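Me: I have a structure in front of me and I would like to learn how to read it. Where do I begin?

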Protein chains: 2
Amino acid sequence: MTPFDDALLAPGSDLVELTAAICDIPSVSGDEAALADAIEQTLRGRPHLDVHRDGDAVVARTTFGRDRRVVVAGHIDTVPVADNLPVRLEERPGDAAGAILRGRGTVDMKGGVAVALALACEVGTPGTEPAVDVTWVFYDHEEVEASLNGLGRLARNHPRLLDGDFAVLGEPSNSGIEGGCNGTMRVEVRTRGVAAHSARSWTGVNAIHAAAEVLARLDRYTPRTVTVEGLDYREGLNAVRIRGGIAGNVVPDECVVEVNYRFAPSRSEAEAEQHLREVFDGFDVTVTDSSPGARPGLDAPMAKDFAAAVLAVTGGEPRPKYGWTDVARFAGLGIPAVNFGPGDPLLAHKDDEHLPVAELAACRDALRAWLVG
Amino acid sequence: MTPFDDALLAPGSDLVELTAAICDIPSVSGDEAALADAIEQTLRGRPHLDVHRDGDAVVARTTFGRDRRVVVAGHIDTVPVADNLPVRLEERPGDAAGAILRGRGTVDMKGGVAVALALACEVGTPGTEPAVDVTWVFYDHEEVEASLNGLGRLARNHPRLLDGDFAVLGEPSNSGIEGGCNGTMRVEVRTRGVAAHSARSWTGVNAIHAAAEVLARLDRYTPRTVTVEGLDYREGLNAVRIRGGIAGNVVPDECVVEVNYRFAPSRSEAEAEQHLREVFDGFDVTVTDSSPGARPGLDAPMAKDFAAAVLAVTGGEPRPKYGWTDVARFAGLGIPAVNFGPGDPLLAHKDDEHLPVAELAACRDALRAWLVG
């Protein structure tokens, strides 16, 4: 794969062409090699960077011997393409929000990848030496099951490569800082019955009917909003899948409701599980998946500096992050982390995913201002 | 396929070996050819029978010019084998019910097929001329969707072959007459919502939660028992399948509950549908499958004669049939029909399907007494 042209990466660029070029290399989870190659070849050989490759993750580090190190990370994979590639630039001359780039990855999160790639090339060159050392991480398999996550694999294979005092994850955050994230837990709530031929249903017990109470409790449930370190986290409790029945003429003996609980970072995984067991008291509850939340971490000194830099450049106030992101993975490594990237997270995974292109340079400028100091 | 040996078919046989031989030719729906071949070759060439083949259905008719004709029909397919072939004979010397034959098909309904095959060979031979003409029908694809049913195919391809004044379907009925059958209708009850990422579930509407009320109505529903022509038909209303959700992190926008309604033969399909639309008022209801019930037909003169013959030999009183059977298909052709066969219908499709072997000869004797007069 050809590296990205220096013209696309120029310090004064609006980053639109670079973002488009990154989006137009499809990289659905599991198929990131071509994009990882292009990123690696773009970074390798630059005298201010040590470049490492692990699978389809690329890590590039400055080594100025600064007393603090910032990790800037972003995933390079996307959810499946929905007939929305190549990306299209729409100028929208009458619209105050300006031009948008439309297509898969523009929001989640190749805009953030473009910001990071351009800054990785620039920060550390003569005249743009950073105030901190910087580790740039471009990783694979974020959009699929946690066991495949490239950041997790780096943490297992090369833990020292992720060392740092603070981390910025370039997930879309409307160019403001989004602190921490909710935890997420999945449980299966299972009802059991007795199978029977549906022509003689009185000889059986219908497990799907028994799930009425499970769904009623979900339908009645009022999620909390919890304030953590000044940010309000909205929780959620949802059936995400339901299954039951084996044939059109059999009273089913099992019904399984898969429930996803998103819980504020003030609640531990153990507390979240306990809460679910109370909500579904009387039913068989099995935890199938769990990831802790992360407190916003905005009381750390570096976070305060970063928040000030972002406020000055993009006008963005810190807000809570609702979705689970790898911020929590950094928190688990003991590294305070925040989300900061261009794009509206509500458009992530949508077929009409699109990005106001003005956010690209604004994010780049805010991040550069903080790193260079 | 080798025809069944005449020794197995002998008039004085207890039919156990013949039933075992028929069971041990596996004939799961769609794979009936070998058994159909064996039946065809057993019947073809006998001077008292005209034999026809259509797909894997075999029809054999006597042509004595009698003023009435009886159709004796049975399906030769089974539900999938559950490690319960070959069949095993268990003598059970201490058990009053006597020996049993255990394995797939013994009840549903190769015992009935053995009775019919033996009688087809015997009734019409010199000294055993019947009082009525007899049409023996062995057909395929009864255990799968109605569109594949071999009896239905015969009615379309060769309607004259099924002509008759009365029909006996050899489905298991504990060797008593079971009259008519309930109708069956399947509907999909569908709820809709608005998809959203489960991390921001307040931006969506959960279709699975909306199904709580559908399941609650099913759970509260009290099925009727309806007396038709002196027989009590128990109804049933059951969710047989439920599905909803596309991923572990998406608020689902659709949930579908598949409901099976078994309704008394006093109710038409249109009335059954109307009832379901009332039960699920406010929800989207789509009929996916429907078969009418059949009134018991026990007021027909031939039915009364047959009931007397059965009572005399097996002691069985007429009872209602709960399961939908092809009796309703005969009713649709204008031919009164009853179920009559060896075995307990509650054991049909069960892994431990088994048949008290004494019922085989009893059914054969009762049916022969009525046909020969």
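Reply: Begin with strand pairing. Two strands pair if DSSP finds at least two bridges between them. Keep in mind that this is a predicted model.

Me: What order do the strands of the open sheet of eight strands in chain B have?

Reply: Read across the sheet, from neighbour to neighbour. The order is E1-E2-E6-E3-E7-E18-E8-E17 in chain B, and the pairing is mixed.

Me: Which strands are the edge strands there?

Reply: Look for strands that pair on one side only. In chain B these are strand E1 (50–54) and strand E17 (319–320).

Me: How many bridges join E1(B) to strand E2 of chain B?

Reply: Five bridges join E1(B) to E2(B), residues 57–61, and the two strands run antiparallel. Take one residue as an example. His52(B) has Val59(B) in E2(B) as its bridge partner.

Me: Now the two chains. How is the size of an interface often given?

Reply: It is often given as the accessible area lost when the parts come together. Here chain A and chain B bury about 3700 Å² between them. Carbon and sulfur atoms carry 59% of it. In chain A, the residues that lose the most area to chain B are Arg200(A), Trp202(A) and His209(A), together 18% of what that side buries.

Me: How many residues are in contact?

Reply: Count each side separately. Chain A has 45 residues in contact with 44 residues of chain B.

Me: Which kinds of contact does the rule find across the interface?

Reply: Check charged pairs, then polar ones. The rule finds zero salt bridges across the interface of chain A and chain B. For polar contact it finds 18 residue pairs, with both residues at pLDDT 80 or more.

Me: Which elements of chain A give two or more residues to the side that touches chain B?

Reply: They are helix H5 (207–210), helix H6 (212–220), strand E13 (236–244), strand E14 (250–251) and strand E15 (254–263) of chain A. E13(A) gives the most, with nine residues. By class, that side of chain A has 21 nonpolar, 15 polar and nine charged residues.

Me: What joins E13(A) to strand E13 of chain B?

Reply: Three bridges do, and the strands run antiparallel. Gly244(A) stands opposite Ile242(B) in E13(B).

Me: What does the UniProt annotation say about residues 183–280 of chain A?

Reply: Treat a record as a label, then look at the span itself. The unreviewed UniProt entry annotates these residues as "domain: Peptidase M20 dimerisation". The span is 24% helix and 42% strand, and its end C-alpha atoms lie 19 Å apart.

How values were computed. Residues are numbered from 1 along each chain as its sequence is written. Chains are lettered from A and ligands numbered from 1 in the order in which they are written. This is a predicted model: local features need pLDDT of at least 70, side-chain atom pairs count only at pLDDT 80 or more; totals for chains, interfaces and linings use all residues. Side-chain values use heavy atoms; hydrogens and water are left out. Contact means heavy atoms within 4.5 Å. Buried area is the accessible area (1.4 Å probe) that two parts lose on being put together, summed over both. A salt bridge is a side-chain nitrogen of Lys or Arg within 4 Å of a carboxyl oxygen of Asp or Glu. A polar contact is a pair of N or O atoms within 3.5 Å; within protein, one must be able to donate a hydrogen and the other to accept it, and residues adjacent in sequence count only if both atoms are side-chain atoms. Helices (H or I, at least four residues) and strands (E, at least two) are DSSP runs, numbered from the N terminus. Ala, Val, Leu, Ile, Met, Phe, Trp, Tyr, Cys and Pro count as nonpolar, Asp, Glu, Lys and Arg as charged, and the others, Gly among them, as polar. UniProt positions are given in the numbering used here, feature names are shortened, and annotations may be inferred rather than shown by experiment.
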